[in-house]
Amino acid sequence: MDSNNVNQDLESLKIRLLADLDTCDQGGGDGLEELKVRYLGKKGEIYGLMRGMGALPADQRPAFGQMVNTLRDLAEERFAVLESRAAEQAIAAKLSASTVDPTLPGTRSELGHLHPLTVVRDDTIDFFRGMGFELAEAPEVDHEWYNFEALNIPPEHPARDMHDTFYVDEGVVMRTHTSNVQVHYLLGHEPGPVRMLAPGCVYRVDNDASHAPMFQQVECLVIDENISFSHLKGVMLLWAEHVFGKGTKLRVRPSYFPFTEPSAEVDVSCSLCGGAGCRLCKHTGWIEVGGCGSVDPAVLTQVGWDPERWTGFAFGFGIDRIALLKYGIPNIGLLTRNEAGFLRQF
Ligand code: DAH
């Protein structure tokens with residue numbers, strides 16, 4: 001084999017390769033695999049040229065090798081183009097053969113959302129956390145001592161009649177209020193400053209449009225040296241404005257709770273009529289939201305805190321009640337009935 005022959009082989013191989021690629025391309029990529037093996041395979045024609053190089057004089061080999069490499073690069077590049085085109089065509093063919101129409105609109109899955117009670121509870125937690133309050137909890141089924149006696153409600157006290165209570169066992173009750181958290185919390189901590197918030201479920205034998213046998217309360221307890229009733233009013237006003245909007249007014253009416261002295265009931269100006277009087281506020285301009293007061297020294301004594309040094313305030317309100325007011329819901333039972341039609345409105 002002389003050098004001319006070898007060079008001609010290379011030239012004619014190149015021409016054949018390009019022609020074959022063209023034919024293959026026009027044929028929609030048919031036979032591409034075999035073509036690639038024929039030219040670029042280990043036993044293919046391009047490597048065959050390399051092997052024939054031995055027939056060349058040594059000084060011509062490097063230049064010839066270079067030409068073969070260039071041809072190999074060209075071949076690889078062209079094959080890659082045809083391969084990717086073939087892959088695209090295969091996908092298109094698959095899609096057009098399938099019975100799925102990707103242009104049809106999909107079936108929407110309905111997005112869920114938070115329950116109105118959860119919204120109000122989380123919002124309350126966020127608000128008080130922002131003021132440095134710590135979350136606390138206590139059992140929902142509790143010994144009656146925590147629910148009553150420790151809160152200055154002795155067995156014969158008429159306040160016990162106010163709560164028509166679910167008794168689980170002798171001396172064991174479904175808690176009637178979240179105030180039991182106060183007792184557990186104070187017993188579990190060394191005397192010192194307290195800022196505590198306790199949301200949770202409570203149970204009473206009650207059932208009408210505005211009372212449910214189970215509902216949620218939030219208990220708030222603050223204790224420090226020199227805490228007064230004005231601190232209580234300040235915190236409650238900030239909270240009322242947060243929930244019902246700026247300009248909301250607060251009214252504190254004297255009341256009675258055995259665990260606070262003095263005790264009060266808290267009203268906020270009606271968010272619907274702004275205080276002018278409407279159906280929601282029964283034409284009084286005010287809506288009752290909870291109870292509050294200065295922590296009774298008897299409670300502090302029960303849990304071993306010195307009432308001479310520590311003073312505090314507490315308040316408790318119903319989360320359900322706030323949700324009713326905030327969303328204008330007419331019946332408290334709707335909140336726990338799990339009716340999709342009702343819940344979808346929020
Ligand atoms: N526990 C009371 C109730 O359920 C509400 C209450 C009143 C809580 C006064 C308090 C408070 O912390 O100081 O009716």
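**Note on a predicted two-domain model with a bound ligand**

1. Start with a side-chain pair. D267 and R253 are joined by a polar contact of 2.7 Å between their side chains. D267 sits in strand β8. Is D267 buried or exposed? Its relative accessibility is 2%, so D267 counts as buried, the cut-off being under 20%. Bear in mind that this is a predicted model.

2. Strand β8 covers residues 260-269. P262 also belongs to β8. The peptide bond between E261 and P262 is cis, with omega about 0°. That deserves a look, since most peptide bonds are trans.

3. Now the sheet. It is open and has seven strands. Which order do the strands take? Reading across, the order is β1-β5-β6-β10-β9-β8-β7, and the pairing is mixed. The edges are β1 (134-135) and β7 (250-255). Each of these two has a single partner strand, so one side of each has no neighbour in the sheet. As background, strands of a sheet pair through backbone hydrogen bonds, either parallel or antiparallel.

4. Strand β6 spans residues 214-224. In the strand order, β6 stands between β5 and β10. Its pairing with β5 (residues 194-203) is antiparallel and runs over ten bridges. Two residue pairs help to set the register by eye. Y203 has M214 of β6 as its bridge partner. V194 has I223 of β6 as its bridge partner.

5. On the other flank, β6 is joined to β10 (residues 311-318) by eight bridges. This pairing is antiparallel too. One pair to check here is V222, whose bridge partner in β10 is F313. How much of β6 is covered? Nine of its eleven residues are buried, so the strand is mostly covered.

6. Next, the ligand site. Around the ligand there are 15 residues. Which of them come nearest? They are H177, S179, R204, Q217 and E219. Q217 and E219 fall within the residue range of β6, 214-224.

7. Three polar distances are worth checking in any docking set-up review. The side chain of H177 has an N or O atom 3.0 Å from a nitrogen atom of the ligand. The side chain of S179 likewise has an N or O atom 3.0 Å from a ligand nitrogen. For Q217, a side-chain N or O atom lies 2.9 Å from an oxygen atom of the ligand. Taken alone, the ligand exposes 350 Å², and the protein buries 92% of that.

8. Domain layout comes next. The chain is divided into domain 1 (3-96) and domain 2 (116-343). How far apart are the C-alpha centres of the two domains? They lie 85 Å apart. A residue pair gives another view of the spacing. G27 and L117 are 90 residues apart in sequence, and their C-alpha atoms are 68 Å apart in space.

9. G27 itself lies in the loop between α1 (3-26) and α2 (32-40). Its relative accessible area is 42%, so G27 counts as partly exposed.

10. Helix α4 runs from residue 61 to 97 and has 37 residues. Does its length look extended or as expected? At 1.5 Å a residue, α4 should span 54 Å; its end C-alpha atoms are 53 Å apart, which agrees. Its buried residues are F64, G65, V68, L71, A75, F79 and L82. For reading that list, recall that an α-helix has 3.6 residues a turn, so residues three or four places apart point the same way.

11. Two asparagines need a backbone check. N226 has a positive phi of about 65°, although it is not a glycine. N338 has a positive phi of about 60°, and it is not a glycine either. Most residues other than glycine have a negative phi.

12. Where do these two asparagines lie? N226 is in the loop between β6 and α9 (229-244). N338 is in the loop between α11 (319-327) and α12 (340-343). N226 is exposed, with a relative accessible area of 69%. N338 counts as exposed as well, at 62% relative accessibility.

Conventions
Residues numbered from 1 in each chain as written. Predicted model: local features only at pLDDT ≥ 70, side-chain atom pairs only at ≥ 80, totals over all residues. Heavy atoms only, no water. Buried < 20%, exposed > 50% of the residue type's maximum accessible area, 1.4 Å probe, protein only. Helix = DSSP H or I, 4+ residues; strand = E, 2+ residues; numbered from the N terminus. Pairing = 2+ DSSP bridges. Domains from an automatic or database assignment. Expected span 1.5 Å × (residues − 1). Near = heavy atom within 4 Å. Polar contact = N/O pair within 3.5 Å; in protein donor to acceptor, adjacent residues only side chain to side chain. Areas by Shrake-Rupley, 256 points an atom, 1.4 Å probe, with all protein chains shown as cover.
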